[in-house]
Amino acid sequence: MAEIKKEAAEGSSTAPPAAERGKNHYKNRAKKQKRNKFLKNAKSFGKRESFGRGAELEQTEYNYLVAILETMTKEKDTEERQLIANNVLGQLKGKEIRTASNQVGSRIMEDLLAYTDEETFAGLLETFAQNFRVFCCDKFASHVLQRTLYVALLRAVAPLQADQQGEEDGEGEEQNAKKQKVCGAAERGDRSVWPCYEYCLKEQYADEHRQTCRQYVERMAKYLINNLEEFVWEATAGYVIRQCVLNLGGITEKKATNDAKPLIVPEQWHKLLHEFNVQLMAWPQFGDLIGMEQTATILQDLLRALASTDDAFQLEQLIAKLFKEAFYTKKVKKEEKDGETTVKQEEKSDLPKAFQSDSSIRLLEVCIVVAPAAFLKDKLFSKLFRGHVKQLALSRACNFAIQKLIDHTTDKDMMDMVFAELEDSMEDLLRTGHTGVVLALAKACARLACQQGKFVKNLLDALHCAEVAPTKMINAVLYLLPANVTPSTAPKIHLHGSLILQAILDFNKPIKFVTALLEMPNDRLAEILSEPAGSFVANAFVTGRFVGEKSREKLVRHLEGQYAQLTLSVHGSRVVEIMYEAGNPAQRENIVRELAEQCERLNGKPWSAKVNKRLLVDLYKRNPARWKVAIKNDAKVEKMFDKLVGGKKRKAES
């Protein structure tokens, strides 16, 4: 640590200030340090004549792998990656199992597999297929097996994605770009310096090779199904099962994300996925699967995969069985008396078994996400949650299940029942730090257009700010601190507080908060909008469905005199562009005039220089008349472009 601090101190004179670094600076630095640490440890093991964890390698083999690992820590172009992959895996021919069972060898093979040519990869698939059991049960080789499955999936289904893209060509460029971004979500989870998602989907392979990859995926799935009773309890094999189940459903990410859409896969893979489901449900010990984190996560991924296939029957069958045999049961307390065992009707806990362990709670959360609306209301909510909502919301382990329940509620009557149980505990939720439940309530009230007045009243009462000045009220909501509490240090805007305020601005009658924001001193409002979490309040104000056009223009006018200061910060500069778009022509000119007065100062920052370029501030400073003409021409071009690509402008609402 001392060395790291010393290096940081020495480099501080040349390093850019924290505010000027990119938003992913620290994340990228952490990844680089992690890669370098792995390489450093691998070298130190070699010096101590301990040639890696797992299978022991010869010194020459280990040194060769370390040299390759050092080469791979540097960015390479695609051709170099292909050359390295084919050469290295050619050198390892006949030693694949032993190399994959070594920690360093496993890491290298994982990254290289995607860039191998057809012949090399096909040979590896055959070797792995003949030794499935060895790979499944080894803690290092199992990672290589998962990567072969992942790469084989991408190579096999890539043409199907191309066909889908061709069908979507007429849907508009903006919509297609969004879909491409969503489908590429798996790449965000690939931490390797050699990412393979985009490469495998775009690279051209022969139809015969793609068929080989498809057969490998199916062969592996059938092997796992046949050995499911044994492998489901194995830690390493469990990860392989999860990878296989997700891939059969076209899901490439293990982490559940809201916007990740599955790839199109052959219909035969859906049938294999259903075989997994049928075999698991037929087990006599099915109810015990939720008791262990390892087996419960397999069920979670199976639920996600079934949901991606749009097979409502199979999905509801599994959820119903989980509900009946695992969730909706209560523990019974036994009492011994006079040598005889009598069973009391009183339960050990008033909560169903679903809430008795962390693994079952996480599994229930996934059920809530994928369950049909009718099943969610009539079974999961009525039998598991109703009457316990407040208790669960205040529980450290269970409050996330309540958030999921509220987020996926589509029935107003159900929402009314949930709200009735929580409306008197708003202050308790804020005090315990379970602000996510309050946020979920705010979003649901906005989405379903219900209980909005009660929510605002209960929130302001919980924060003791119903009758205070506008500034104090807004601060209380943003900081989620009672107005009568003075913190010892200056607080930062709470992320959930900002999101709650944004949700309230989307309510049917947000006039109280709209007025409060407009009555705040403009320097304090500019300070809020300059912060990362606070800047998005401007988006909510401008795009609010029930925020009037006059209120938007008042906000633009209210911030006059603060635009130059806003533009100096990263997030504030974005707010300036938002206000410019929301203002009328006269207000837009006022904004540009204010920026032109400090043009030289603003050009010193990359984000403010971008705003200057976008709004033609330099041109305005030289010739305001020419600026008006140029802005009108830009507006015409933008309008024509929107018509061509199907862009939609938000309609102003009074």
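Here is a short exchange about this predicted model and two of its helix pairs.

Student: What makes α7 and α13 count as roughly parallel?

Tutor: Their angle. Helix α7 (residues 118-129) and helix α13 (residues 207-226) pack at about 20°. Angles under 35 degrees count as roughly parallel. The pair is therefore roughly parallel. Their axes lie 11 Å apart, and α7 passes α13 in a left-handed crossing.

Student: Which residues make that contact?

Tutor: From α7, E118, F121, A122, L125, E126, F128 and A129. From α13, H209, T212, C213, Y216 and R219.

Student: How do you know how many of the residues between α7 and α13 are charged?

Tutor: Sort them by class. Asp, Glu, Lys and Arg count as charged. E118 and E126 of α7 and R219 of α13 are in the contact. That fits the tally of three charged residues, beside seven nonpolar and two polar.

Student: Why is α15 called oblique to α16?

Tutor: Again, look at the angle. Helix α15 (residues 235-248) and helix α16 (residues 267-281) pack at about 135°. Roughly antiparallel needs over 145, and roughly perpendicular runs from 65 to 115. An angle of about 135° fits neither class, so α15 is oblique to α16. The axes of this pair are 8 Å apart, and the crossing is left-handed.

Student: What makes up the contact of α15 with α16, by class?

Tutor: Eight nonpolar residues, two polar and no charged ones. The α15 side has I241, C244, V245, N247 and L248. The α16 side has W269, H270, L272, L273 and F276. Cys and Trp count as nonpolar here.

Student: Which residues does the Pumilio repeat annotation cover?

Tutor: The unreviewed UniProt entry gives "repeat: Pumilio" for residues 383-420 and 558-593.

Student: What is the helix and strand content of those spans?

Tutor: Residues 383-420 are 68% helix and 0% strand, with end C-alpha atoms 17 Å apart. Residues 558-593 are 78% helix and 0% strand, with end C-alpha atoms 16 Å apart.

Student: How confident is the predictor, by average pLDDT, in the protein chain?

Tutor: The average pLDDT is 81, and 79% of the residues score at least 70.

Student: Where does pLDDT stay under 50, and how many contacts are there beyond four places in sequence?

Tutor: Residues 1-21 are one such stretch, with eight contacts of that kind in the model. Residues 166-191 are also below 50. The model gives that second stretch 37 contacts beyond near neighbours in sequence.

Notes
Residues numbered from 1 in each chain as written. Predicted model: local features only at pLDDT ≥ 70, side-chain atom pairs only at ≥ 80, totals over all residues. Heavy atoms only, no water. Axes fitted to C-alpha atoms, helices over the stretch in contact; angles between N-to-C directions. Helix = DSSP H or I, 4+ residues; strand = E, 2+ residues; numbered from the N terminus. Left-handed = near helix turned anticlockwise from the far one by under 90°. Contact = heavy atoms within 4.5 Å. UniProt positions renumbered as here; feature names shortened; annotations may be inferred. pLDDT = per-residue confidence, 0-100.
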